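Subject: Handing over the structure, with notes on aromatic rings

Hi there,

Here is the structure I promised to send over. Please have a look at it first, and then read on for my notes on the aromatic rings.

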Amino acid sequence: MKPTTHGDRLSFYQFGATTMFASRFDQRFSYCLYVPESYDEHTPGDYSLIVAIHGTGRDAPRLRNEFIEFAEAEQCFVLVPLFPAGISTPGELNAYKYLAGDDARYDLVLLDMVAELEETYRLNFDRFFLTGFSGGGHFTHRFLYVHPERLSGVSIVSPGVVTLCDPDLPWPAGVGGLEDEFGRSFNAAAVAAVPANLVVGDDDTETWEISVAPDSTAYIPDVNAAGVTRITRLRALAASLEHNGNTVSVDLVPGVAHEGYHLLKPTFRAIRQVLHSDEPRSEGTTQVLS
């Protein structure tokens, strides 16, 4: 049963839908969790981990809450980081989407949050399922390129600008120069081993937020080469991952615009497939779903 008092080591606020905790690695960042009711601090057991990355709106607690029913059904921990705006400069919104800013490595912040979670709850999360909507979709597929060995699967939902799985294009248009950016070379085989689900609404056609102008600091040649709308960019990303050898599924959800909470069902299906798959996955296949 869900605890109603403090545990012996853990507090009331570390069970169930937890409060927000500051990252021990960098206290500018924080996270919240969902801990299944079955968790017992004396006999921790075995759980899978889902990490969900917020969009630009940074609604971390609500995002966590959307996973509670699924987490109970599938016996998963859920970790949702909060990457506040304005970390490097006032009003800055986008650095986390590219894993690194002027004074933060957001990928390393996340990895230490996972390590902190392992130590606090005495669990092992060598691999976890990573998903994110919009800005979180940016983060998710770029994290896949840098840390594929940590992932059991990904669900990439409605990113506005994509990084293609192409070593001939410079980062962040492609994965060329990854080692210069992150100190880790691109490992195509390790990336290919991670099944990728890609999701977008078929009414997600607004482009006001996602064009990269030539005078923008984020602009590099070919950064817009994947097309204009989120739909065309997602398809380009799917084709790029398939070419790399990944198992890819694409969900084009009817009647949905840029509305992340209406796009969760395909992500839940993708997580279940990873959690319950005992068969080796074939490589380089794309399934388009509705």
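To start with one ring: is Phe21 buried, partly exposed or exposed? With a relative accessible area of 22%, Phe21 is partly exposed, because the buried class is kept for values under 20%. Please bear in mind that this is a predicted model.

The wider setting is a set of 20 aromatic pairs in the structure. In one of them, Phe21 is partnered with Tyr31. Their ring centres are 6.1 Å apart and the planes make an angle of 35 degrees, a tilted arrangement. Phe21 belongs to strand S2 (residues 21-22) and Tyr31 to strand S3 (residues 30-35), so this pair ties together parts that are 10 residues apart in sequence. Tyr31 is buried, at a relative accessible area of 5%.

Another pair joins Tyr39 and Tyr121, and this one is edge-to-face: 5.4 Å centre to centre, with 75 degrees between the planes. Where do these two residues lie? Tyr39 sits in the loop between S3 and strand S4 (48-53), while Tyr121 is in helix H3 (residues 106-121), so the pair ties together parts that are 82 residues apart in sequence. Tyr39 is buried, with a relative accessible area of 5%, and Tyr121 is buried too, at 2% relative accessibility.

Finally, there is a cluster to look up in the viewer: ring pairs link Phe29, Phe83, Tyr96, Tyr106, Phe128, Phe139 and Phe143.

Happy to talk it through whenever suits you.

Best wishes

Terms used:
Residues are numbered from 1 along each chain as its sequence is written. This is a predicted model: local features need pLDDT of at least 70, side-chain atom pairs count only at pLDDT 80 or more; totals for chains, interfaces and linings use all residues. Side-chain values use heavy atoms; hydrogens and water are left out. Rings of Phe, Tyr and Trp (its six-membered ring) pair if their centres lie within 6.5 Å; planes under 30 degrees apart count as stacked, over 60 as edge-to-face and the rest as tilted. Helices (H or I, at least four residues) and strands (E, at least two) are DSSP runs, numbered from the N terminus. Buried means under 20% relative accessible area, exposed over 50%, partly exposed in between (1.4 Å probe, protein chains only).
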